[in-house]
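Trainee: Could you walk me through a few features of a structure, one by one? I'd like the general idea before each case.

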Amino acid sequence: MKKIYMNPPVTAKWLFSLFTGSEEKKTILGDMEEYYKEIAADEGIIKAGLWFWKQLLFSIFCFLKHSIYWSIIMFGSYMKIAFRNIKRHKGYSFINIAGLAIGISIFLLIGLYVQNEYSYDKLNKNISRIYKVGYVNKQQMTMPPAVGKGISEQITEAQKTVRFKFRRDYYAKYLPAGSPGREVSTVIRYFAWADPDVFDVFTIPFIAGNPETALSKPFSIVLTGSLSKRLFGNKNPVGEKIQINNNHFYTVTGVIDPPGNFHLTFDVLTSFCTLGKTIGQTELDSFNSWNLATYVMLPEEHDKNHVAAKISGLFRKPIFELKNIEPEFDLYPLKDCYFSGFGNIKKGNLQGTRIFIGVAFFILVIACINYINLATARASKRAKEIGIKKVVGSSQKKLIFQFLSESVLFCFLAAIGGLILARVLLPEFNSLINGSLTFDFFYNPVFIISFTTGIIGTGIVSGLYPAFYLSSIKPGIILKGEKLTGSARFRQIMIVFQFVISAVLIIGTLTVYKQLDFMRNKDLGFNKEHVINFNLNRDLMKNKSIYKEKLLATSGVMDVSFSQGYPGKVYNWESFEHNGKRTGFAVFSIDPDYFKTYGLKLKEGRLFSKDKNSDKFRTCILNEAAVKEFGLESPVGTVFHREKWGSSSFPSKDIEVIGVVEDFHFESLHDIIHPLVFSWNEGWLWMSNIRISPENATAALASVKNIWNELSPGFPFEYSFLDESFDRQYKNDERFMNIFIYFTLLGIFIAFLGLFGLAAFTVERRFREIGIRKVLGASVSSIVFLLNTEYSRLVIIANIIAWPVAWFAMDRWLQNFAYRAGTGLSEFVFTGIISAFITVMTVSFQSLKAALANPVKSLKDE
Amino acid sequence: MKILSRSDEILLLAIYRLKDNAYGVSITKEVYKKTGKKLALGPLWVSLDNLSKKGYLAKKIADPTPERGGRGKIYYELTPYGLNALEEIRDLQASLWDGLPEALSGNI
């Protein structure tokens, strides 16, 4: 009986055995039992039990320290070996680490970009409550002022409403009091108006001024920090007055520092009520100009569809009366605004961003594949080391651990290289994407932890196959003297995979380039070269005809005309009724010389004539797309009739179609040509279009400027070339292409590095074979040919796989464009040739070395 | 030649004294007898393991006995290297204390 009581507590024993492996540590338990029994005999079970538990705790603590300590030492020795290996094979190590480093740096840079894109508007504290007001299916995303007003007055759920409007290129002038002649002026690229709630809805940090009152009074203006610096230097501008467009004076009520990733861009914000003074309160409350971005902020708990339905109900009657359409409103969450580009100034390219993530990932995969290939190929070099280790008693587990830690080490070295490379390349990358990314994102602990984990993970994943392969080499094989190379089939598959990715990237780049080239050179149906545009000012508006006369009298000026703005960018949306069908159209006002200035071709009927005053206000000219939209068989002579109209380009009951012009691409080639209606309404003509002769362009420009100053002194003269601004809409695409090209080149470079190393290795392995062949009489060229055919086969297979994949992907991307460059075979063929060329060059280079070597050297080894 | 630390020295000397009977429990008893310190068995094993990895001790695993709940014993034995180390430390001790009076205090 005594014996049973003299056993140590079972739980403690069980706990202890958890911490001891299948080693001699178990003997300690034996010691502890023995001692326990002695204590139990001397001092009783309770004391013995206490002692036992105390021993347990001490021991567990000690074991943990012990195993950590020795693991570190083991790890240290592995690192020493790994470093020694790296130094021994400097070339191969360099190739591998360089490839990985490049891959990692690309990944980091793209990561920065993607993270920045996805972070847009996220700095707004209330982001989940903010919505943009628009029609269902995004048909109309800009609203008239009355919508915002009505919502804020009548919809209770809309706690705050903000209307936002912007105009480009205004001028600001600051005359410091008491120092005449010391005035400072600057251009405001984006001049914006907003309701005072803008600071409640959006999170915009204030540097000076009071957000509560900054925009409550008319003619108050808030500046961004950079603009304030340009006008006021380091002085606090609050309370000062600045003059806008040589016209009204505004009081500065604050300085703000809006975050870079905010989809609304502006250099200044002025109070919305100012518009009541500048364009009139009735106009401000009307349904006339549909050009405002309208945002609402709903309470925490909300049902956006319910609110949207309420809004539809609220405006059903007024909008129906005006446009004869029943509006259906929808609320679009703020977080979608940046990528959807609802008439924002800044638009994000969601598809592009996703493509980049894919590209970054692929490049990383290529780099990892390199590592796997080279590591396994080099197996025979390590065979001796592995064999001896195994004989001495190292377990396979230990070897796997060793090789895994080696590849993790490689990855770490590559990561350091990659970080440095990314930092160095950052400015170049920024200019490529026209952004201003910084490394700040990397300095937060979340990123550091996930990056380190990622690196370790990559190391482990790419090291798994080599580790398992190398550790399973049987010692007997080494002693027998056989040479190992790993599964050649597996390596070939990896190479093909690399080639496929590279080929897809090349084809992609070529396609993108072709499409962009096509868009740049396509005949747009009008002459956009050598035309300058600029907005008229107040003084010139009054003297348009004198202005035109003077301009035409200048040598170098070929044609002058006025228009509502840039075609396609500015227009009035009006509805027309025909054959019982009511549709809305874009109406663009011009003067009769417009067609000549741009070389638009008349298809039917006639153009506006300066001699016929009756053409004004009451006639219109359609483009072919408009004719189709109306469904008119004989458009000329058709009369549109309407009873009422709002602020329209046609202040008349009847509108007669007098002519049809051929379609021309006034919008980007992304879109199909939309229907357009031309009107001749002098009151809407704010922009000059001047064609100058290319020969004396500078002189002509100088004359134009002089005339401007003569007729409207005090207004700064700013102009732009139409072809430049036109090309600007492709800027996004161009940037996309540039990035794509760079990354493709890098990806190919990495694949090439891998191929280089592998070819070197393969050739080395077959050194003896080559030597024998030489002795038997093979020529150098036949040897080179032999090695090339093997790899060429892989290239062909890779291309066969890559072509359909690339075609499919490119087809998806090209659907962004209404007008596509024809898909030819040239990109694919070119890619095939390039990949073959690179392969042949690399393999030949390596095999030449072997083929030219003295066969005696290789055979001596026997 | 690495200098033995004090605690290493104590353990090794205890093992030396115990001759064939140096295992976990007996070593703790011996050390307690000489120094009054009670060693916990787990940490003791760790120290002894380190000492044997450094080459001062050799381990011998004996058969399990029922009193120990069916687990074996590890007997420790000094290696020649360990003996050498002990002698070195004794010489060091002698040279450190050479010529100094019996009672240090009161004699500056």
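Mentor: Sure, starting with burial: a residue counts as buried when its relative accessible area is under 20%, and as exposed when it is over 50%. Keep in mind that this is a predicted model.

Trainee: Okay, is A:C62 buried or exposed?

Mentor: A:C62 has a relative accessible area of 13%, so that cysteine is buried. A:C620 is buried too, with a relative accessibility of 0%.

Trainee: While we're on cysteines, how many disulfides does a search of the whole structure find?

Mentor: General idea: a disulfide covalently joins the sulfur atoms of two cysteines. Here the search over all chains comes back with 0.

Trainee: What about the interface of chain A and chain B: how many salt bridges does the rule find there?

Mentor: The idea is a Lys or Arg side-chain nitrogen within 4 Å of a carboxyl oxygen of Asp or Glu. Across this interface there is 1. A:E38 and B:K29 form a salt bridge through their side chains, at 2.6 Å from N to O. As for the interface itself, 22 residues on the chain A side contact 24 on the chain B side. About 2100 Å² is buried between the two chains, and carbon and sulfur atoms contribute 61% of that.

Trainee: And which residues form the nonpolar patch on the surface?

Mentor: That patch consists of B:I3, B:L92, B:L96, B:W97, B:L100 and B:L104, which together have about 610 Å² of accessible area. Take B:I3: its relative accessible area is 62%, so B:I3 counts as exposed. Along chain B, B:I3 sits in the segment before α1 (6–18).

Key. Residues numbered from 1 in each chain as written. Chains lettered and ligands numbered in written order. Predicted model: local features only at pLDDT ≥ 70, side-chain atom pairs only at ≥ 80, totals over all residues. Heavy atoms only, no water. Patch = residues over 30% accessible without salt bridge, like charges linked within 9 Å, V, L, I, M, F, W, Y side chains within 5 Å. Areas by Shrake-Rupley, 256 points an atom, 1.4 Å probe, with all protein chains shown as cover. Helix = DSSP H or I, 4+ residues; strand = E, 2+ residues; numbered from the N terminus. Buried < 20%, exposed > 50% of the residue type's maximum accessible area, 1.4 Å probe, protein only. Disulfide = S-S within 2.5 Å. Contact = heavy atoms within 4.5 Å. Buried area = accessible area lost by both parts, 1.4 Å probe.
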